[in-house]
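Reader: I would like to go through this model with you and ask how its labels were earned. Could you show it to me?

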Amino acid sequence: NERLPDANITSPRYFVVRAKDYEYLARSVMRQRWIVLPMFAAAMNAAFDTSSAVFIFFAVDGDEGGFGGVAKLSSHFMLLQNKDPSRCETPPNEVPE
């Protein structure tokens, strides 16, 4: 018996996020935590709920045509608690800082 795909789930979604510098991107990769503005987090969270997968492509500001990497979103973004309310981040993981 093959299962039919859920009619509410769409094809993968893709987002491009620009990091302010290479060091910021490298820290995010090492920690496996991504910080974005709330308006972008809302769009990515909606895509996470309705898409088969969400991929984020990273580039560094000022690096013309430079590709910084790609990540597959594995959870919702959440507001930073007791920190800057103008930013959202993925939940913390077990990677040391």
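Author: Happily; this is a predicted model, and we can take its features one by one.

Reader: What makes the contact between E23 and R27 a salt bridge?

Author: A salt bridge needs a side-chain nitrogen of Lys or Arg within 4 Å of a carboxyl oxygen of Asp or Glu. The E23 and R27 side chains meet at 2.9 Å, N to O, so the pair passes that cut-off. By this rule the count comes to 1 salt bridge.

Reader: Where do E23 and R27 lie?

Author: Both belong to helix α1, 4 residues apart, which is about one turn of the helix.

Reader: Why is E23 called exposed?

Author: Exposed means over 50% relative accessible area. E23 has 53% relative accessibility, so E23 counts as exposed.

Reader: And why is R27 called partly exposed?

Author: The relative accessible area of R27 is 30%. Buried would need under 20%, and exposed over 50%, so R27 is partly exposed.

Reader: Let us turn to the surface. Which residues make the nonpolar patch?

Author: L37, M39 and F40 make it, with an area of about 310 Å². L37 sits in the loop between β2 (35-36) and α2 (38-50).

Reader: How do you know that L37 is open enough to be in a patch?

Author: Patch residues need over 30% relative accessible area. L37 has 42%, so L37 clears that cut-off. With that value L37 is classed as partly exposed.

Reader: What about F67: buried or exposed?

Author: The relative accessible area of F67 is 57%; the cut-off is over 50%, so F67 is exposed. F67 lies in the loop between β3 (54-60) and β4 (69-72). Its C-alpha atom is separated by 7.8 Å from that of F57, 10 residues apart along the chain.

Reader: Now the largest pocket. What is its volume, and which residues are closest to its centre?

Author: The volume is about 360 Å³. Of the 17 lining residues, V17, R18, Y24, I35 and V36 are the closest to the centre.

Reader: Which elements supply the lining of the largest pocket?

Author: β1 (13-19), α1 (22-31), β2 and α2 each supply at least two residues. β1 gives the most, with 5 residues.

Reader: How many residues of each class are in that lining?

Author: The lining has 13 nonpolar, 1 polar and 3 charged residues.

Definitions and conventions: Residues numbered from 1 in each chain as written. Predicted model: local features only at pLDDT ≥ 70, side-chain atom pairs only at ≥ 80, totals over all residues. Heavy atoms only, no water. Patch = residues over 30% accessible without salt bridge, like charges linked within 9 Å, V, L, I, M, F, W, Y side chains within 5 Å. Areas by Shrake-Rupley, 256 points an atom, 1.4 Å probe, with all protein chains shown as cover. Buried < 20%, exposed > 50% of the residue type's maximum accessible area, 1.4 Å probe, protein only. 1 Å grid on protein atoms, 1.4 Å probe; cavity = no way out; pocket = protein on both sides within 12 Å on 5 of 7 lines; lining within 4 Å. Points joined across faces, edges and corners; volume = space filled by probe spheres on them. Nonpolar A, V, L, I, M, F, W, Y, C, P; charged D, E, K, R; others polar.
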